[in-house]
Each structure stands twice: as structure tokens, then as C-alpha cells.
Amino acid sequence: MASKKTSPGICYLVGAGPGDPGLLTLKGKECIEAADVLVYDYLCNPEHLRYAKPGTRRIYVGKKAGDHTLPQEEINALIVQLAKEGKTVTRLKGGDPVLFGRGAEEAAELHDAGVKFEIVPGITSAIAGPAYAGIPVTHRSHASQLTIFTGHEDPTKPDTSLNYAKIAQADGTKVFLMGVERIDEITTQFLKHGAKPETPVALVRWATHTHQQTLVGTLADIAAKVKAAGFKAPAVAVIGDVVTEREKLNWFENRPLFGKKIVVTRTRQQASGLSKQLTLLGADVIELPTIKIVEPQNPMLFGELVQDCHTYDWIIFTSPNGVDAFFTMFDKLYNDARSIGGVRIACVGPSTAERVKARHLAVDLMPDKNFVAEGLVKAFKDHQNMENVNVLWVRAEETREVIANELTGMGAIVDEGLAYRTVAETEDNLEALARLKAEGADMITFTSASTVEHFLNLKVALPEGIKIASIGPVTSTAIKEHDLNVDVEAKDHSIPGLVAAVEKFWR
Ligand code: SAH
């Protein structure tokens with residue numbers, strides 16, 4: 001008999017975790033990075049897909065209850081076929097792949113087809129969901145045993161594989177998935193089989209996501225509460241005394257910005273810092289880039305100035321984008337870091353300085369506070385006589401002339417390097433725009449006058465009651481020019497300063 005030939009492809013059955021982008025395992029991430037094809041589900045956070053290398057094929061296969069994008073047999077056939085073509089297939093599933101995830105069935109198909117596979121466990125919603133609601137599934141005082149069951153089966157059907165008498169009478173905590181729609185039947189079965197009506201129950205919807213919702217009740221009243229609140233799938237349900245721990249342990253929903261939907265309007269590249277800090281404080285962030293950074297009109301001219309950078313006394317950076325544009329050009333022109341010479345470096349504020357420091361270059365001058373052009377001018381005034389001092393100012397094409405005017409007034413010779421241009425983002429924000437229109441938001445943040453202008457050019461109506469946060473006075477002026485109110489203005493005109501002001505506002 002011919003021996004079974006193993007194909008060179010492989011399929012990784014990977015648990016993508018319950019939703020929080022941080023709850024993906026390192027191995028799971030490696031499998032995404034290695035993939036030629038990603039096959040993923042409804043409950044798998046699409047944010048994970050960005051780890052894929054460029055050109056990786058992405059196939060969405062559903063499945064929300066009742067809305068099977070691709071039937072299971074076809075999913076099985078698909079991953080087998082792709083792996084047989086020699087591809088590295090990463091099959092991403094919400095939570096853990098073998099806890100109510102049909103991962104075992106897919107693995108069996110791969111085995112039968114002679115395809116190599118690996119199972120990469122994930123963090124399951126069954127345990128992480130309750131934990132993010134402040135509910136431990138076991139606890140020395142309450143529960144030394146855990147039962148996890150599916151709520152998908154109709155308990156009144158004679159052929160159900162679940163024995164509710166046994167589940168209801170089992171000690172410890174019970175968790176069920178896929179059961180919101182059947183909450184009435186399930187609690188009725190528990191009560192029928194002797195469970196105490198006052199037993200605490202919690203449902204955690206979109207657990208570990210920034211828009212997580214939790215509903216707490218008892219076996220007697222949770223079904224009515226679900227109905228009244230219009231509480232819907234996906235949710236994990238937890239039954240037992242451990243639910244009472246939530247009174248003390250509800251860490252996730254008690255973070256300062258939890259439940260607040262906040263719009264970030266910076267460029268996609270710059271948004272991540274602000275988004276991350278807001279998310280860490282619990283906010284649900286809508287990244288809606290309104291601008292993007294592109295080459296200046298005349299890159300040659302900028303290149304010539306960068307080439308001569310070592311001949312200046314000072315280089316002034318007034319934005320992180322300027323630093324990036326400068327060093328991108330510098331690296332094209334030189335392959336020795338020392339080519340920058342002994343020129344001193346001034347920065348308008350900490351974020352800009354951070355970018356310079358990332359190049360292992362020291363920042364010689366920065367305002368103490370007031371991180372705007374005027375602040376930097378004052379810092380120069382206090383620092384030295386500027387008579388005949390040669391300065392290269394690395395700037396955006398569209399920016400206020402304060403630095404050039406004031407320093408020239410002080411006797412300096414200022415060359416202006418037009419390093420980049422800010423233009424409207426037209427493609428990368430369509431999804432976010434749809435979300436903003438559909439869901440509204442509690443707050444919108446502006447980090448420059450150009451984000452204000454470009455946001456308003458989009459002509460989306462601001463949701464009613466939305467609060468406006470500004471990074472500083474220049475941005476605030478731009479907001480007020482459009483007859484809008486500034487509800488929050490950062491004291492420190494920096495991203496951490498803005499985050500602190502936003503946090504204080506909602507506290
Ligand atoms: N393999 C998954 C479960 C798949 S079954 C895991 O280990 O988590 C699908 C059910 O999982 C949903 O109906 C819901 O009950 C639950 N679920 C998955 N992710 C969830 C989340 N983020 N929040 C709440 N419930 C979730």
C-alpha cells in the first residue's frame with residue numbers, strides 16, 4: 001500500500017482570545033505572522049489581522065448565530081484545500097479553538113486528509129469573560145468546581161445531550177456560552193431541578209472588549225432583566241456565588257474612561273499612541289484619521305537643506321512628523337550618523353523630543369512648559385543671543401510662521417526646510433465614519449488645527465451632546481472659529497497632557 005503522503009502545507013488552529021487585542025498568545029501572533037492565508041471568524045478581533053505580512057490573503061467565514069457565512073463542511077474543505085496547495089494556513093477562532101469552537105472537527109478533517117496541523121490554545125471567553133467582569137470562576141470561599149456547558153441546545157428537546165438535573169445539582173460555578181437567547185429555558189431548568197432562586201447570575205456581553213456590558217441578577221429574575229434590557233449575544237453567563245466577588249473585583253468596568261466612546265482624528269500612524277493611552281484608561285476609541293502626511297511639493301529642495309544640516313548652529317523640530325521626515329531624508333543621503341555633525345537640536349515639546357531621542361541624539365533646548373512655537377521662541381530668548389546664529393527649521397508646509405518671524409527678528413538667519421505636507425485622508429476613515437454616524441460618540445479629540453479643518457471638511461454632523469477636547473490654544477482657536485465649544489483643553493500641550501485632561505473631565 002502506498003504510504004500516505006504528507007503535504008508541505010500546514011494549518012494552525014489558533015485561539016484568538018476573547019477580544020481584548022492583548023489577549024492573544026505569543027504563539028498565536030507568530031502563526032498570524034507566518035500565514036499565507038488567514039481564515040477567521042465573527043468573534044475573532046479583526047485587529048489581530050494587522051500582524052499578517054503584506055499580501056496575506058484574508059478569508060472571513062462567519063459565523064454569527066443564524067448567519068453562517070460559510071457552512072462548517074465548506075470551512076473544513078477550504079482549509080484542507082489551502083494547506084494541500086502548500087500554504088501556511090492560520091485558522092483563527094474566537095476564544096479557545098477547542099472549547100465550543102469545532103476546532104477538533106477541523107483538526108480531524110486535516111488529519112484525514114494527511115495535512116499537518118497544530119492546535120494553539122487561546123484564552124477562552126468562558127474564563128476571561130467573567131474575570132473581566134470581576135468574577136473569578138473558582139474561589140476558595142465559594143467554588144472549587146467549574147462546569148462549562150453550551151446554552152445552544154434547546155433543553156426542552158427530548159434529544160438534548162445535556163442533563164440539566166446533573167448540571168443544576170453540581171457543586172460550584174456554572175458557565176454557559178451561546179445561551180442568551182435561551183436564558184429563560186435554562187434558568188427554568190435550573191430552578192426545576194432544585195437550584196436556589198436567589199443564586200447569583202451574571203451575563204457578560206462582548207467581554208474584554210471596550211464596549212463590554214454586564215448584567216447581574218439571580219436565577220429567578222435574570223431572564224426578565226435580559227428581556228427588559230434587550231441584552232443580546234454574544235455573552236457568557238456565569239452562575240454561582242462567585243458573582244458576588246464582582247462588588248470588590250470589578251476592575252475593568254471601573255477604569256476612569258470605561259463606557260466612553262472617544263474619537264481620535266490624528267493620522268493613522270500617529271493615532272496609536274493617543275488611542276492606546278485612552279484605551280488603557282478604558283475608553284472605546286474610534287480611530288478616524290482626518291489627515292495624512294505626504295511628501296512636500298519640492299522634496300529636492302528639502303533634501304539639499306538636510307544635506308547641509310551639519311553646517312547649521314541649530315536644527316529646530318516643531319513636530320514628530322518633521323523629525324521623521326528629516327531623518328528619512330537624512331538616511332537616504334548619508335549612511336553615517338555622524339554626518340549630522342555638532343549641530344544643536346531644539347524641539348517644541350516632549351513628543352517631538354522623544355522622536356529625536358529615539359535616534360540617540362540629545363535635545364539641547366525645549367520649552368519648560370507651553371509646548372508651542374511661542375514657548376520655543378521664549379526658550380531661545382532665555383538661552384542665548386541669536387544674532388547671526390544659523391538655524392534650520394524643519395517644518396510642515398502649512399504651519400504658522402511664528403518661529404521664522406520671531407527668530408529672524410532676534411537676528412538669526414533662518415532656513416525653512418519644508419519637510420512634509422498635511423492633506424485630507426479620504427480612504428482610511430470610511431469604516432470609522434460609518435461607526436461614528438451609527439453609534440455616535442461621547443467625545444472627539446483634536447490634536448492640531450489641521451485635524452479640526454479636515455474633520456469639518458468631512459461634513460459629518462457632530463453627534464448631539466458630544467464633548468470636544470483640544471490639545472492646546474492654537475487648536476482651540478481653530479475649533480472656536482467654527483462656532484464650536486471647547487469643553488476640554490490640555491494644560492500640557494502634549495498627548496499625555498491631553499489624555500490627563502480628558503481623564504480629569506470625565507472623572
Ligand atoms: N471558542 C470560544 C467560544 C465559541 S462559542 C471561546 O473559547 O470563547 C461562541 C460563544 O462564545 C458566544 O455565543 C458567546 O457565548 C461566547 N463568547 C465568545 N467571545 C465572547 C465575548 N468576547 N464576550 C462574550 N461572550 C463571548
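**Ligand site, domains and sheets**

Tutor: The centres of domain 1 and domain 3, taken over C-alpha atoms, are 35 Å apart. This is a predicted model, in which local features need pLDDT of at least 70 and side-chain atom pairs pLDDT 80 or more, while totals for chains, interfaces and linings use all residues. Residues are numbered from 1 along each chain as its sequence is written, and side-chain values use heavy atoms, without hydrogens and water.

Student: What are the domains into which the protein chain is divided?

Tutor: Domain 1 is 10-122, domain 2 is 127-249, domain 3 is 261-290 + 425-506 and domain 4 is 298-418. These bounds come from an automatic or database domain assignment.

Student: Why is the ligand said to lie between domain 1 and domain 2?

Tutor: Both domain 1 and domain 2 give residues to the shell around the ligand, so it lies between them.

Student: How many residues surround the ligand, and which are the closest?

Tutor: There are 18, and the closest are Asp 96, Thr 124, Ser 125, Ala 207 and Ala 235. A residue is near a molecule or strand if one of its heavy atoms lies within 4 Å of it.

Student: What divides the residues of the shell into nonpolar, polar and charged?

Tutor: Ala, Val, Leu, Ile, Met, Phe, Trp, Tyr, Cys and Pro count as nonpolar, Asp, Glu, Lys and Arg as charged, and the others, Gly among them, as polar. By that division the shell has 12 nonpolar residues, five polar and one charged.

Student: What makes the pair between Ser 125 and the ligand a polar contact?

Tutor: A polar contact is a pair of N or O atoms within 3.5 Å; within protein, one must be able to donate a hydrogen and the other to accept it, and residues adjacent in sequence count only if both atoms are side-chain atoms. An N or O atom in the side chain of Ser 125 is 2.7 Å from an oxygen atom of the ligand, so the pair qualifies. With Ala 207, a backbone N or O atom lies 2.8 Å from a ligand nitrogen atom, so this pair qualifies too. The protein covers 92% of the 540 Å² of accessible area that the ligand has on its own (Shrake-Rupley method, 1.4 Å probe; for residues, only the protein chains shown count as cover).

Student: How do you know that strand S2 and S3 pair?

Tutor: Two strands pair if DSSP finds at least two bridges between them. Four bridges join S2 (residues 37-40) to S3, so the condition is met. In S3, Arg 57 is the bridge partner of Val 37. Strands are DSSP runs of E with at least two residues, helices runs of H or I with at least four, both numbered from the N terminus.

Student: What makes strand S3 and strand S5 edge strands?

Tutor: The open sheet has the order S3-S2-S4-S1-S5, with parallel pairing. Strand S3 (57-60) and strand S5 (116-120) each pair on one side only.

Student: What is unusual about the peptide bond between Ala 233 and Pro 234?

Tutor: Most peptide bonds are trans. The bond joining Ala 233 and Pro 234 is cis, with omega about -5°. Pro 234 lies in the loop between helix H7 (222-229) and S10.
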